[in-house]
Amino acid sequence: MPDRPWTTQRILERITEIAAAPDSAEVWRLTVEALAGIGFDRVNYGFTRYRYGRSIGDPRDALFLSSHPKETTREFYDQGLYARTPMFRWVAENVGAQSWQWARDQLEAGSLPPDEERALLQSYEMGKVAGYSLSFPPSSERTKGAMGLCARAGQTQADVDALWALDGTAIEALCNTAHLRLSQLPFPLPGVGLSDRQWEILGWIADGKTMQDVTVLTGLSLSAVEKYLRRARDELGVETTAQAVAKAAFLNQLYVRGDPAPLDP
Amino acid sequence: MPIELPQLTDAEAIRVLNDIAAAQTVECAWALTVGALWEFGFERVNYGYTRYRVGRSIGHPDDAFFLSTHSLAQVKWFHESGLYMKSADYRWVRENVGACPWDWIHKERAAGRLSVEECETMDALGVSRQRAGYSISFPVGAPRSKGALGMGCAGGVSQAQADTHWDEHGAKIMAIATMGHFKLSQLPLPVPGMHLSDRQREILGWIADGKTLQDVTVLTGLSLSTVEKYLRRARDELGVETTAQAVAKAAFLNQLFITNRLGAGEG
């Protein structure tokens, strides 16, 4: 019998903690800690609101979190190898949980396309031998969230499948909670640096103010307001102001800073 | 003989959590959440969610989303009349995160800690607040958003009895209510009286994707005046002034780029 330090009750308590975590970093810390205790010491999470078919859209618009050691996986990610693994395809096409045995079976049957076979063998070399993939139920066509749970070294897929038979539904519930909390909180935006003034003006525009209104509300000239919005669009990597508003809303970043109508304490 | 309060086992609660997480529509997420809370002895459930908090209020009540197992009209009236703003329960929800037993307000009043206005509001609401139950104020996600849920036991259950039940099963009940909130607030929200047509939603989607009006005419094969007409109707339907505001609101209501029409219509 596998060792089970994380009882169902303890997982339930952790679910409640994850659901109440104040920011995405804390959600991730609580999730990674629990999964490591359960037996998955390397975990990846990805979430995009900009999915087009099998593409995840611009990777900079997606949220990636990983507890894999960076130095050993950089190559795997930078070269996009992860996107060629059979489990990535499974996640894109399905919802639910799948044992990595699924990929192993196809490899042994010789039914994988050559690039998927190469990517899978390389992931084995990197020690990603046994685990599970989770594909979360989407809330719209464009969103997709998924998680890869890699079992600690020394575990075989048979060990992991036995663990999953006991605790799989509780692990899924934990990961579902983490995913839904992460998709509700402001996304971290590495490399995107909007000033408070830019956020404020974007907030006014999202609130239905015209450019003319914004000049009155802020005391800025029209050309200054236009300049702030142009820089905000550049930072967010979008073409139009409406697109900037949509993106900021999708990333739960509107009104995080520079809220033009702050709440009473 | 006190009424026995029922419960789900840990394993059953976990299964329910995953079922709620997999719900594809608001109706389904609500039915599963209510069903699971009923299994713990909570017979009456109300839920409210807003993306438009402003100042101390929930924003315009038309922009908020309410569900109730028993008295949706009463829940809506409570918010549309503005009475909620004067209630101590709302103050608690606004200032706290977590679960609050329904006898809290009685104890606060007995201790003289409610304002005159809060006492008057309590009296105006009268006997409807005599049940045992809990209010849950959910942890805030996106700015300006807030979700809360109230759940009441059957008549005859005392708050002390509910509290004992909560001590033992509160973590499960809380996890189920929170999962319900997560799904309800992330699925396309049916806002009553607000109905975007497929064409309107498609054009708003193009605009949210950064297309100009000119682009949209090419993408849809419609004339510029027709595209403008669709957008004007979409703004009217959403009750907003500008197209950028329409995009923000459609995004907040999870109405952009939705998979199917279920749950996208009227509530």
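**Exercise 1. In which strand of chain B is B:Ala148 found? Describe its surroundings.**

*Step 1.* B:Ala148 lies in strand E5 of chain B, residues 146-153. Helices (H or I, at least four residues) and strands (E, at least two) are DSSP runs, numbered from the N terminus.

*Step 2.* Before going on, a note on the material: this is a predicted model, in which local features need pLDDT of at least 70 and side-chain atom pairs count only at pLDDT 80 or more, while totals for chains, interfaces and linings use all residues. Residues are numbered from 1 along each chain as its sequence is written, chains are lettered from A and ligands numbered from 1 in the order in which they are written, and side-chain values use heavy atoms, with hydrogens and water left out.

*Step 3.* With 21% relative accessibility, B:Ala148 counts as partly exposed. Here buried means under 20% relative accessible area, exposed over 50%, and partly exposed in between (1.4 Å probe, protein chains only).

*Step 4.* Now look for contacts, meaning heavy atoms within 4.5 Å. Setting aside neighbours within four places in sequence, B:Ala148 touches B:Asn46, B:Tyr47, B:Gly48, B:Val93, B:Ile136 and B:Phe138.

**Exercise 2. Describe the interface of chain B and chain A.**

*Step 1.* Start with its extent: 49 residues of chain B and 48 residues of chain A take part in the contact. The two chains bury about 4200 Å² between them, with 62% of it on carbon and sulfur atoms. Buried area is the accessible area (1.4 Å probe) that two parts lose on being put together, summed over both.

*Step 2.* Next, the charged pairs. There are 2 salt bridges between chain B and chain A, each a side-chain nitrogen of Lys or Arg within 4 Å of a carboxyl oxygen of Asp or Glu. A:Arg142 forms a salt bridge with B:Asp209, where the closest N and O atoms are 2.7 Å apart.

*Step 3.* Then see which helices of chain B face chain A. H1 (10-21), H7 (159-186), H8 (198-208) and H11 (243-252) of chain B each supply at least two residues of that side. The largest share, 11 residues, comes from H7(B).

**Exercise 3. Why is helix H11 of chain A largely enclosed by the rest of the structure?**

*Step 1.* Count the buried residues: in H11(A), residues 241-250, 10 of the 10 residues are buried, so the helix is largely enclosed by the rest of the structure. Among them are A:Thr241, A:Lys247 and A:Phe250.

*Step 2.* Identify the packing partners. The buried residues of H11(A) pack against H8 (196-206) and H10 (222-236) of chain A, together with H8 and H11 of chain B.

*Step 3.* Check the end of the helix: just after H11(A), A:Asn252 takes a positive phi of about 55°.

**Exercise 4. How many aromatic pairs are there over all chains? Examine two of them.**

*Step 1.* The count comes to 15 aromatic pairs over all chains. Rings of Phe, Tyr and Trp (its six-membered ring) pair if their centres lie within 6.5 Å; planes under 30 degrees apart count as stacked, over 60 as edge-to-face and the rest as tilted.

*Step 2.* The ring centres of A:Phe40 and A:Trp164 are 6.1 Å apart and their planes stand at 80°, so this pair is edge-to-face. The pair links distant parts of the chain, with A:Phe40 in strand E1 (residues 40-48) and A:Trp164 in helix H7 (residues 157-182) of chain A, 124 residues apart. Both A:Phe40 and A:Trp164 are buried.

*Step 3.* In chain B, B:Phe42 and B:Tyr134 form an edge-to-face pair, at 6.3 Å centre to centre and 75° between the planes. Both B:Phe42 and B:Tyr134 are buried.
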